[in-house]
Amino acid sequence: AVRGESITAIFVNNGNYGMTGGQMAPTTLMGHVTTTSPGGRNVSHGHPLHVADMLATIKGPSYLVRASADTPRNIRDLKKYVKRAFQRQVNNEGFSLVEVLGICPTNWGKSVPDSFTLLREEMMAEFPLGEIKVPGEVE
């Protein structure tokens, strides 16, 4: 990303390391319980890292976006964003990141419907959807 390599990264953000047991991740929300933060994430662990926003502060990335696959509208937007990111890669325009907010019912200890509620009410509040950095915009 720092070098502006023409690659596209698809980053699935579900707030934990679900594939390895549900440990706290850099994006875990404040107060959320994980196997490595059984009392919930707190200030001593640090605040959630906003990866796409952080990358927007450097010159290498050309396209940064955050999306979700929770509704038909958001799925359409996600598909559009992925297409734009890959087109920028093909055009050799620099690094692109598509952050996709996702759910993890197992490690969140919630049903699928409750997980989507958490995604919409808490994850999207912390990590707003939309294009963060678009080519041609002033830095």
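In the predicted model, Asp-53 is partly exposed, its relative accessibility being 31%. The side chain of Asp-53 takes part in a salt bridge with Arg-66, in which the closest N and O atoms are 2.5 Å apart. Asp-53 belongs to helix α1 (residues 51-55) and Arg-66 to strand β4 (residues 61-68), so the salt bridge ties together parts that are 13 residues apart in sequence. Arg-66, in contrast to its partly exposed partner, is buried, with a relative accessible area of 1%.

The search for salt bridges across the whole structure returned six. Among them is the pair Asp-77 and Lys-80, whose side chains meet at 3.7 Å, N to O. Both residues are part of helix α2 (residues 72-90), where a separation of three residues corresponds to about one turn of the helix. Lys-80 is classed as partly exposed, at 33% relative accessibility. Salt bridges with shared partners also join Asp-53, Arg-66 and Glu-99 into one network. Another of the six is formed by the side chains of Arg-3 and Glu-5, with an N to O distance of 2.9 Å. Of these two residues, Arg-3 is exposed, with a relative accessible area of 69%, while Glu-5 is partly exposed, at 36%. In general, side chains of opposite charge can pair when their charged atoms come close.

Glu-99, a member of the network described above, is also engaged by Asn-13: a polar contact of 2.9 Å joins the two side chains. Asn-13 is located in strand β1 (residues 8-13) and has a relative accessible area of 0%; because buried residues are those under 20%, Asn-13 is assigned to that class. A further contact of the Asn-13 side chain is made with the backbone nitrogen of Gly-15, at 3.1 Å. The side chain of Asn-13 thus has one contact to a side chain and one to the backbone.

A contact between side chain and backbone is also found at Lys-133, where a polar atom of the side chain lies 2.8 Å from the backbone oxygen of Pro-61. Lys-133 is in strand β6 (residues 130-133), and Pro-61 is in strand β4, which spans residues 61-68. With a relative accessibility of 8%, Lys-133 counts as buried.

With regard to aromatic side chains, a search of the whole structure gave zero aromatic pairs. An arrangement of a charge over a ring is nevertheless present, with Arg-88 lying over the face of Tyr-63 at 4.5 Å from the ring centre. Arg-88 falls within helix α2 (residues 72-90), and Tyr-63 within strand β4 (residues 61-68).

Helix α4 (residues 112-126) consists of 15 residues. From its first C-alpha to its last, α4 reaches 20 Å, close to the 21 Å expected at 1.5 Å a residue. The helix contains a kink of about 35°, centred on Leu-119. Leu-119 is itself one of the buried residues of α4, which also include Ser-115, Leu-118, Met-123 and Met-124.

Several loop positions were also examined. Asn-92 is placed in the loop between α2 and β5 (95-101) and has a phi near 60°, a positive value in a residue other than glycine. Most residues other than glycine have a negative phi. Asn-92 is exposed, at 60% relative accessibility. Met-19 occupies the loop between β2 (16-17) and β3 (23-24) and is likewise exposed, with a relative accessibility of 84%. The C-alpha atoms of Met-19 and Cys-104 are 9.8 Å apart in space, although the two residues are 85 residues apart in sequence. Ala-56, in the loop between α1 and β4, is partly exposed at 27% relative accessibility. For Ala-56 and Asn-14, a sequence separation of 42 residues is accompanied by a C-alpha to C-alpha distance of 21 Å.

How values were computed: Residues numbered from 1 in each chain as written. Predicted model: local features only at pLDDT ≥ 70, side-chain atom pairs only at ≥ 80, totals over all residues. Heavy atoms only, no water. Salt bridge = Lys/Arg side-chain N within 4 Å of Asp/Glu carboxyl O. Buried < 20%, exposed > 50% of the residue type's maximum accessible area, 1.4 Å probe, protein only. Helix = DSSP H or I, 4+ residues; strand = E, 2+ residues; numbered from the N terminus. Polar contact = N/O pair within 3.5 Å; in protein donor to acceptor, adjacent residues only side chain to side chain. Phe/Tyr/Trp six-rings, centres within 6.5 Å; stacked < 30°, edge-to-face > 60°. Lys NZ or Arg CZ within 6 Å of the ring centre and 35° of its normal. Expected span 1.5 Å × (residues − 1). Bend = angle between axes of the 7 residues up to and from the residue.
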